[in-house]
Amino acid sequence: MAKVTLINARSGLPVQVPGSEKDGTPDGPKLHSIIVDPRDRGHMLFGMSGGGVHESVDGGKTFEPLLGGMEVVGGFDSTEPTFHDPHCVRMCPSNPDRLYQQNHCGIYRIDRPSDTWTRIGRAMPKKVGDIGFPMVVHPRDADTVWVFPMDGQTVWPRTSPDGKPGVYVTRNAGKTWQRLLGGLPNGQRALFSALTVEARPDGYSLYAADTDGQVFESLDGGDSWTIVADVPPVPAVPALDDLIARAESSNAELAALQHDMAAARFADQAAARRLVPEPEIHAGTKSSSFAGGDVGTVIGVQATVAIF
């Protein structure tokens, strides 16, 4: 079995984790969802498509797989990290002991110090299922999570269930899920493969992007959506990152992309917050922070862009 080599930034020594170059994505396993515990920088996690979720408590010197309770595709060994395929892993900003995972085999939650994941996606409608790529958690409520499921019943066509997109939210840590439709296309549509949440001192905004080149914004937790950017369709899923970058760019640049009403609303917000430099991209996910003007409050952004 091939090895994916990580280099420890402090010691310069290699850290070995399993993962075949044939697994996960077409060009090999992808390392993503790199998470550092805000309470302890020596505690970190990462996800790898074709490698599972791994955790370190010593600053990256050693890693242990965190696979308890996780399922794999039928016929494979669930104890072997190579057969695990996390698409996105999130640590709750308001409760770092809680993690959510959108996996090739469903939606999961873990509450530390437990080492066992629970498949909370089983509460999703049977016809929709719980397979997808993007996932974000509420910046201040660890029970609230948004996902965009795709059609995962048969051959993974990378389209929305029945061709009709819908964001689903749980507000009770996965016990129940609700579909949010207001303002989103209610017909045959490209896949929504990018989702981000921007936290501000006075609230938060959700952004969603589809492969037709449109970016939608919600100011009410996903109950209603407005188009804030409409660009030519993107030829490949990785280009969705460009759409999210535009939605998080300066207000002046946003105004050039938005409809008149949306542009006016963002112009009003210009004095309330200031963006810092464009966030770095880390294999399908990106994160950034915002400084809240006069109040000086640092707030955060989560984003997921499907690349596999």
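This report covers the overall make-up of the chain, one open sheet, the aromatic pairs and a surface patch.

**Overall make-up**

The model is predicted. The chain has 308 residues, and 54% of them count as buried. Its secondary structure comprises 3 helices and 22 strands. Among contacts with a separation of 6 or more, 48% join residues 24 or more positions apart. The exposed surface comes to about 13,600 Å². Carbon and sulfur atoms supply 53% of that area.

**The open sheet**

Strands β3, β4, β5 and β6 form an open sheet, in that order. The pairing is antiparallel. β3 (30-36) and β6 stand at the edges. Each has a single partner strand, so one side of each lacks a neighbour in the sheet.

The strand pairs can be taken in order. β3 and β4 are joined by 5 bridges in the antiparallel sense. Here Val36 stands opposite Met44 of β4. β4 and β5 also run antiparallel, with 5 bridges between them. Gly47 has Val53 in β5 as its bridge partner. β5 and β6 are antiparallel too, joined by 2 bridges. Glu55 faces Glu64 of β6 across this pairing.

The hairpin of β4 and β5 has 2 residues between its strands. In that hairpin, Gly50 takes a positive phi near 85°.

**Strand β4**

How many residues of β4 are buried? The count is 6 of the 6, so β4 is largely enclosed by the rest of the structure. Met44, Phe46 and Met48 point one way from the strand. Leu45, Gly47 and Ser49 point the other way. Both sets are buried. Met44 is also the residue opposite Val36, and Gly47 is the one bridged to Val53.

**Aromatic pairs**

A search of the whole structure finds 3 aromatic pairs. Two of them are set out here.

| Pair | Geometry | Centre to centre | Angle between planes |
|---|---|---|---|
| Phe46 and Phe63 | edge-to-face | 5.1 Å | 65° |
| Trp146 and Tyr204 | tilted | 5.8 Å | 50° |

Phe46 belongs to strand β4 (residues 44-49). Phe63 sits in the loop between β5 (52-56) and β6 (64-65). The two are 17 residues apart, and the pair links distant parts of the chain. Phe46 and Phe63 are both buried. Phe46 thus brings two descriptions together: it points the way of Met44 and Met48 from β4, and its ring meets Phe63 edge-to-face.

What does the pair of Trp146 and Tyr204 tie together? Trp146 lies in strand β12 (residues 145-149) and Tyr204 in strand β16 (residues 203-210), so the pair ties together parts that are 58 residues apart in sequence. Trp146 is buried, as is Tyr204.

**A nonpolar surface patch**

Val73, Phe76 and Phe83 make a nonpolar patch on the surface. The patch covers about 260 Å². Phe76 is found in the loop between β6 and β7 (86-92). Is Phe76 buried or partly exposed? Its relative accessible area is 46%, so Phe76 counts as partly exposed. By contrast, Phe46 and Phe63 are buried.

**In brief**

β4 is paired with β3 and with β5. The strand is buried along its 6 residues. Phe46 of β4 pairs with Phe63, in the loop that precedes β6. The nonpolar patch of Val73, Phe76 and Phe83 lies on the surface.

Methods: Residues are numbered from 1 along each chain as its sequence is written. This is a predicted model: local features need pLDDT of at least 70, side-chain atom pairs count only at pLDDT 80 or more; totals for chains, interfaces and linings use all residues. Side-chain values use heavy atoms; hydrogens and water are left out. Rings of Phe, Tyr and Trp (its six-membered ring) pair if their centres lie within 6.5 Å; planes under 30 degrees apart count as stacked, over 60 as edge-to-face and the rest as tilted. Helices (H or I, at least four residues) and strands (E, at least two) are DSSP runs, numbered from the N terminus. Buried means under 20% relative accessible area, exposed over 50%, partly exposed in between (1.4 Å probe, protein chains only). Patches are made of residues with over 30% relative accessible area and no salt bridge: like charges are joined within 9 Å, nonpolar side chains (Val, Leu, Ile, Met, Phe, Trp, Tyr) within 5 Å. Accessible areas come from the Shrake-Rupley method with a 1.4 Å probe; for residues, only the protein chains shown count as cover. A salt bridge is a side-chain nitrogen of Lys or Arg within 4 Å of a carboxyl oxygen of Asp or Glu. Contact means heavy atoms within 4.5 Å. Two strands pair if DSSP finds at least two bridges between them.
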